[in-house]
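Biologist: Please take a close look at one part for me: the largest cavity and what surrounds it. Which residues line the largest cavity, and which elements do they come from?

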Amino acid sequence: MKALVTAAALAATSLPALAFDPAAMSDAEKAAFGEAVRDYLMANPNVLVEAINVMEERRLADEAQNDKVLVQTHRDAIFNDGHSWVGGNPQGDVTLVEFIDYRCGYCKKINPELEALLKKDGNIRFILKEFPILTEESQLAARFAVAVQQIAGPDAYKKTHDALMESRGPVTLESLKTLAGGVGVDADAVISRMNTEEVSAVLRKNHQLAEQMRIMGTPTFIIEGEMLRGIPAQGLGPVIEQIRAAKQG
């Protein structure tokens with residue numbers, strides 16, 4: 001309702017200027033003015049729709065600008081935190097960061113497209129940030145993945161990440177033990193490490209960064225100086241090409 005009232009006021013500004021100061025209106029003049037605005041909008045509802053669209057465009061533009069400031073402010077923590085997995089082409093000309101939750105259906109949905117893009121492009125530096133926010137299973141999976149990286153290294157982590165993304169079943173200690181065998185890591189060692197401070201510190205830092213960045217959902221992508229809160233309608237490829245062109249231009 002507030003948005004409609006504001007939009008109505010915005011639409012009213014397109015009316016011809018009155019010969020008197022609105023701030024100096026009498027009660028009767030205010031009532032007449034309000035009735036005139038109402039009659040105009042009833043006769044021209046498209047004006048209200050246009051005003052709402054303008055308001056939405058301005059809101060999105062403001063949010064995009066605010067996100068750019070957030071990215072710039074937290075660049076080191078985003079792109080060089082020292083604990084997140086880095087893959088793709090580490091010397092790529094564009095860096096893509098993804099905040100993920102292994103129980104996020106949208107993360108799983110976009111993953112095949114993302115992997116195909118990384119393979120096809122070959123010039124994208126890719127960073128994964130564990131951000132478990134949905135369920136207890138999210139926490140379990142993220143702790144397992146971080147523990148694998150700390151014990152067995154980046155290659156084992158990527159295999160674990162891929163397996164967790166492809167998995168459609170529940171995440172339990174038993175399922176993680178089976179997964180560990182499939183990727184060739186010591187299941188007992190990884191599970192013993194899952195609840196250590198070393199693993200907790202990684203997830204805590206990621207959550208703190210997400211809070212500072214006002215990230216509340218997954219997947220969230222950061223590409224160079226741009227933040228994408230969700231999956232872009234046109235896919236990631238065109239967005240990366242636009243950002244790359246702007247960067248080179």
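Modeller: In this predicted model, the lining of the largest cavity is made up of His83, Ser84, Trp85, Leu128, Lys129, Glu130, Val146, Gln149, Tyr157, Val202 and Asn206. Three elements give two or more residues each to this lining: strand E3 (124-130), helix H6 (136-152) and helix H10 (197-212). E3 gives the most, with three residues. By class, the lining has five nonpolar, four polar and two charged residues. The volume of the largest cavity is about 60 Å³. The count of cavities of 30 Å³ or more comes to one.

Start with His83, one of the lining residues. His83 sits in the loop between helix H4 (75-79) and E1. His83 counts as buried because its relative accessibility is 17%, and the cut-off for buried is under 20%. The side chain of His83 makes a polar contact of 2.9 Å with the side chain of Asn206. Asn206 is also part of the cavity lining. Leaving out residues up to four places away in sequence, His83 touches Gln149, Val202, Lys205 and Asn206. Among these, Gln149 and Val202 also line the cavity.

Now follow H6, one of the elements that give two or more residues to the lining. Its buried residues are Ser138, Ala141, Ala142, Arg143, Phe144, Ala145, Val146, Ala147, Val148 and Gln149. Two of the names in that list, Val146 and Gln149, appear in the cavity lining as well. What covers the buried residues of H6 includes strand E1 (85-88), E3, helix H7 (154-166), helix H8 (173-183), helix H9 (187-193) and H10.

Does the length of H6 fit, or not fit, the span expected for a helix? H6 has 17 residues, so at 1.5 Å a residue it should span 24 Å. The C-alpha atoms at its ends are 24 Å apart, which agrees.

Look at the ends of H6 too. At its start, a side-chain oxygen of Thr135 comes to within 3.1 Å of the backbone nitrogen of Glu137. After H6 comes Gly153, with a positive phi near 95°.

One more buried residue is worth a look, in another helix. Arg244 lies in helix H11 (residues 236-248). Arg244 is buried, because its relative accessible area is 9%, and buried means under 20%. Setting aside neighbours within four places in sequence, Arg244 is in contact with Asp93, Val94, Asp121, Asn123 and Ile124.

Terms used. Residues numbered from 1 in each chain as written. Predicted model: local features only at pLDDT ≥ 70, side-chain atom pairs only at ≥ 80, totals over all residues. Heavy atoms only, no water. 1 Å grid on protein atoms, 1.4 Å probe; cavity = no way out; pocket = protein on both sides within 12 Å on 5 of 7 lines; lining within 4 Å. Points joined across faces, edges and corners; volume = space filled by probe spheres on them. Helix = DSSP H or I, 4+ residues; strand = E, 2+ residues; numbered from the N terminus. Nonpolar A, V, L, I, M, F, W, Y, C, P; charged D, E, K, R; others polar. Expected span 1.5 Å × (residues − 1). Buried < 20%, exposed > 50% of the residue type's maximum accessible area, 1.4 Å probe, protein only. Contact = heavy atoms within 4.5 Å. Polar contact = N/O pair within 3.5 Å; in protein donor to acceptor, adjacent residues only side chain to side chain.
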